[in-house]
Amino acid sequence: MKTRNIFAVALKTISFAWDTNRTAFIAIMLLNIFMGSIVYLQYTSFSNIVDEIVRIKQGASDYGPLITASTVLGLSFLVPTVVGNILGYVRVKYRMQQSIQLEMHKIEKQGALDIGTIESNSYQTLLRGAQEWGSGSVMNLQDFFFTSASSFAGIITSMIILWSLNAWLVLFAVLASLPVYFFYKKYSMEVFRIRYLAVDDHRVIGNRISHFEELQKAVDVILLKLKGWLKDQIRDKKQSYNEKVAAAEKKKSLSYSALSLWYLLFLFSAIALMTREALAGSIAVGGLLLAFNTYTRFYQTINGYVESISFSEEAARYAARWFELFDLKPKIVSKENAERVSFEKPPLVEFRNVSFRYPSEETELPYVLKNLSFTINPGEKVAIVGINGAGKTTLIKLLCRVYDPTEGVILINGKDLRDLSLEDWQSAIGILFQDFPVYNLTIRESIGIGRIADHVDEDRLKRAAFYSGADEFITDYDQLIWKEFKGGIDLSKGQHQRMAVARMFYRNAMITILDEPTASIDAVTEEKIFSALEKHMEGKTVILITHRFSTVKNADKILMLEHGEIIEQGSHKTLMAIQGKYEELYTMQARRYLETEA
Ligand SMILES: Nc1ncnc2c1ncn2[C@@H]1O[C@H](COP(=O)(O)OP(=O)(O)OP(=O)(O)O)[C@@H](O)[C@H]1O
Ligand SMILES: [Mg+2]
């Protein structure tokens, strides 16, 4: 990233800071400027004291100026200490406020995104980048801006002092410091660049280390004896990274030594010049002292500042990700004049010549759904079957408007789904994806969030648990499902799935979509769930995706998908009669059962 971009990102962080709390912002700025220049008051008053002592030694009897200078010196230490503490406090408070603000802003933005964006590769990369440093990157960049104020105040003050002593000193100081900027830029940046380019290496290292830390992976490491293999990878990656950094650090330290010689050259010139002036009597001893202190301080400030640019550059890279994240706009949104809908009974769903390919930033992906046409009547129980990758999950994503069709149209009661309010539509459906999440909540909450409200309806809850077979293992609805917490427990895979199914029963939507809801569930419970779906979702539309053909027999309609196309559709009886693919797969599965029985 170019230096000017740091400032562009810094400006964004600043405007964010400004919006968060103007008073604190101004206070921090002013206090930083004060802190950056106050140190020179120490130097000035100290040099005044020296001059006064010399004057008194030479016979002056007036102690007034000495007392004044001493008082100022005392104050110049006392005031910054107090102010520094106040500044520290204001900053801590401000950082806390900022960190909440940033997190809320992020959640607000993320919560408004569409699933398509969240699923996208670029979003995930962006998110990881933003998380790498957390909100700290934005705040560190703000700190850089604040300390810049302090540095500039220091630089300007010292310039004025040096100028007032001898104009040449300003030239010496500037010449001494100029290369600092270029050297630091070249070599510190190199170190940072290596670090930055190693982000992927770090990710691999982190991933390999995680094999020893995450339970599922750790079990495999032990059983598959992967320790040595993983250890070698971690060591090799770390070593090659360290070597690169060490080489850059070496170059950096050599070049800095050269830099110090250059600085010393001008320091000695400055001292020589001032000593000559002092000997000639055009400045007092105190002036010599002041020149020396100011000159050194000037150099240190510039050094520190330039170095902080390198750090900030890295912070800016990560902060930039935050702002990109904030700038993201959801792609699937309600139209401005979208029609509000609320369904008294399930709507008629019609797919008309729907084709779809996943959106991609790089290449055009192939179609995964091709020219689909079918209808789902209100209250129908529909099953979708087909081999892995046939497009089943994708089809229901379109129905939920996770994505819009690339071609064709989905009609809801005859109206284009894209013209309906997205929120209203998604409120009317309940979907259980095959990779459903496990919630770290109590059992009551975990089922109750199926229809979020102030209170969980106890009757409805118990019924949902019963229909899904979750009631069999529930002894306490307030049991926390979170092993990491005291008293928390974990469930078996199938038990987790029963909870997820219970959530859908609790939701009791006009259209319920279940993507392999019983993949981990035992045969007895599976049977129970399906009969509950038939009995208790009477009148509601249910769409079921499954690989177990025995569970689709009772469906009103079966859609057989292959390579994104509907190759057969109809009831079990119809499909068996035409003796096509469905019949082939059904008999194959059935035969296996029968053979085993025999
Ligand atoms: N987010 C995505 N981006 C790009 N391609 C995808 C994405 N999700 C799925 N695909 C591709 O779309 C095709 C259909 O996937 P889909 O998940 O719909 O299959 P499926 O029928 O549900 O399979 P399974 O039985 O394994 O669940 C696959 O070839 C898959 O690689
Ligand atoms: Mg699927």
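# Helix packing and exposure in a predicted model

Tutor: Start with two helices that meet in this predicted model. From α2 come Ile28, Met29, Asn32, Ile33, Met35, Gly36, Ser37 and Tyr40. From α6 come Phe146, Thr147, Ala149, Ser150, Ser151, Ala153, Gly154, Thr157, Ser158 and Ile161.

Student: How do you know that Ile28 and its partners in α2 meet α6?

Tutor: Contact is set by C-beta atoms lying within 7 Å. The listed residues of α2 and α6 meet by that rule.

Student: What makes up the contact of α2 with α6, by residue class?

Tutor: Nine residues are nonpolar, nine are polar and none is charged. Gly counts as polar here, so Gly36 of α2 and Gly154 of α6 fall in the polar class.

Student: At what angle do the axes of α2 and α6 cross?

Tutor: Helix α2 (residues 22-57) crosses α6 at roughly 35 degrees, and the axes come within 7 Å. The crossing of α2 and α6 is right-handed.

Student: Now α2 and α3. Why are they called roughly antiparallel?

Tutor: Set the angle against the cut-off. α2 and helix α3 (residues 64-111) pack at about 160 degrees, with axes 8 Å apart. Angles over 145 count as roughly antiparallel. Therefore α2 and α3 are roughly antiparallel to each other. α2 passes α3 in a left-handed crossing. The contact of α2 with α3 holds 24 nonpolar, six polar and two charged residues.

Student: What makes α6 roughly antiparallel to α11?

Tutor: Again, the angle. The axes of helix α6 (residues 136-165) and helix α11 (residues 285-327) cross at roughly 160 degrees and come within 8 Å. The limit is 145, so α6 runs roughly antiparallel to α11. Their crossing is left-handed. The contact of α6 with α11 has 18 nonpolar, 12 polar and one charged residues.

Student: On to exposure. Why is Leu230 called partly exposed?

Tutor: Count neighbours. Leu230, in helix α10 (residues 227-280), has 17 other C-beta atoms within 10 Å. Buried needs 20 or more, and exposed needs 12 or fewer. The count of 17 falls in between, so Leu230 is partly exposed.

Student: Which residues touch Leu230, beyond its neighbours within four places in sequence?

Tutor: Arg208, His211 and Val221. Ala319 is 33 Å from Leu230, C-alpha to C-alpha, and 89 residues away in sequence.

Student: Why does helix α9 count as lying largely in the open?

Tutor: Helix α9 (residues 215-223) has nine residues, and the number buried is zero, so α9 lies largely in the open. Just after α9, Lys225 takes a positive phi of about 55 degrees.

Student: Which exposure class does His563 fall in, and why?

Tutor: His563 has 14 C-beta neighbours inside 10 Å. That lies between 12 and 20, so His563 counts as partly exposed. His563 sits in the loop between β9 (557-562) and β10 (565-570). Its phi is positive, about 45 degrees, although His563 is not a glycine.

Student: What makes Gln579 exposed?

Tutor: Gln579 has 10 C-beta neighbours inside 10 Å. The limit is 12 or fewer, so Gln579 is exposed. Gln579 is placed in the loop between α18 (572-578) and α19 (581-597). Gln579 has a positive phi of about 55 degrees and is not a glycine.

Student: How is the protein chain divided into domains?

Tutor: Domain 1 covers 3-166 + 283-327, and domain 2 covers 349-597. Their centres, taken over C-alpha atoms, are separated by 57 Å.

Notes
Residues numbered from 1 in each chain as written. Chains lettered and ligands numbered in written order. Predicted model: local features only at pLDDT ≥ 70, side-chain atom pairs only at ≥ 80, totals over all residues. Axes fitted to C-alpha atoms, helices over the stretch in contact; angles between N-to-C directions. Helix = DSSP H or I, 4+ residues; strand = E, 2+ residues; numbered from the N terminus. Parallel < 35°, antiparallel > 145°, perpendicular 65-115°, else oblique. Left-handed = near helix turned anticlockwise from the far one by under 90°. Contact = placed C-beta atoms within 7 Å. Domains from an automatic or database assignment.
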